[in-house]
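Reader: Could you take me through one spot in this model in close detail? I'd like to see what surrounds it and what it touches.

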Amino acid sequence: MRVSGYLRSGADYQGADASHTWVSVFVLGTGWLDFDPTNDLRPSDGHVTLGWGRDYGDVTPVKGIALGGGEQIVEVEVRVEPLDLPRFSSE
């Protein structure tokens, strides 16, 4: 299964600052295991999941059609940074 998402900006990952994909496989007796072959590691809190699908086409973060002629250059930059949110006490 393909996992679609983003990588945290500023981390030493290939594919940071753009959409990213990694794989997830079901291992009997263990459950779902994710692996990022581009970065040769198991995804951690630096990977932000947007969706799961049979292939990347099922779960692309952005879809669209560009109409018109001539040359086109598409540039994408995505910044993913954690927020410092206030913690609520259960008291």
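Author: Here's a walk around D36, with a couple of stops elsewhere afterwards. Keep in mind that this is a predicted model.

D36 sits in the loop that links β3 (31-35) to β4 (47-53). Is D36 paired up in a salt bridge, or left without one? It's buried and has no salt bridge. Look for the nearest side chain of opposite charge and you end up at R2, 8.2 Å away. A salt bridge would need the charged atoms within 4 Å, so R2 doesn't qualify as a partner for D36.

What does the D36 side chain reach, then? One target is the backbone nitrogen of T38, at 3.1 Å. Another is the side chain of H47, joined to that of D36 by a polar contact of 2.9 Å. Setting aside residues up to four places away in sequence, D36 touches L7, H20, W22, L41, P43 and H47.

Two of those names, L7 and H20, come up again with G15: leaving out neighbours within four places in sequence, G15 is in contact with both. G15 belongs to the loop between β1 and β2 (19-27), and it counts as partly exposed because its relative accessibility is 33%. Its C-alpha atom is 8.5 Å from that of N39, although the two residues are 24 apart along the chain.

Last stop, the surface: M1, F26, L28, W32 and W52 make up a nonpolar patch there, with about 670 Å² of accessible area together. M1 lies in the segment ahead of β1 (2-7), and at 45% relative accessibility it counts as partly exposed.

Technical notes:
Residues are numbered from 1 along each chain as its sequence is written. This is a predicted model: local features need pLDDT of at least 70, side-chain atom pairs count only at pLDDT 80 or more; totals for chains, interfaces and linings use all residues. Side-chain values use heavy atoms; hydrogens and water are left out. Helices (H or I, at least four residues) and strands (E, at least two) are DSSP runs, numbered from the N terminus. Buried means under 20% relative accessible area, exposed over 50%, partly exposed in between (1.4 Å probe, protein chains only). Lys and Arg count as positive and Asp and Glu as negative; His and the chain ends are not counted. A polar contact is a pair of N or O atoms within 3.5 Å; within protein, one must be able to donate a hydrogen and the other to accept it, and residues adjacent in sequence count only if both atoms are side-chain atoms. Contact means heavy atoms within 4.5 Å. Patches are made of residues with over 30% relative accessible area and no salt bridge: like charges are joined within 9 Å, nonpolar side chains (Val, Leu, Ile, Met, Phe, Trp, Tyr) within 5 Å. Accessible areas come from the Shrake-Rupley method with a 1.4 Å probe; for residues, only the protein chains shown count as cover.
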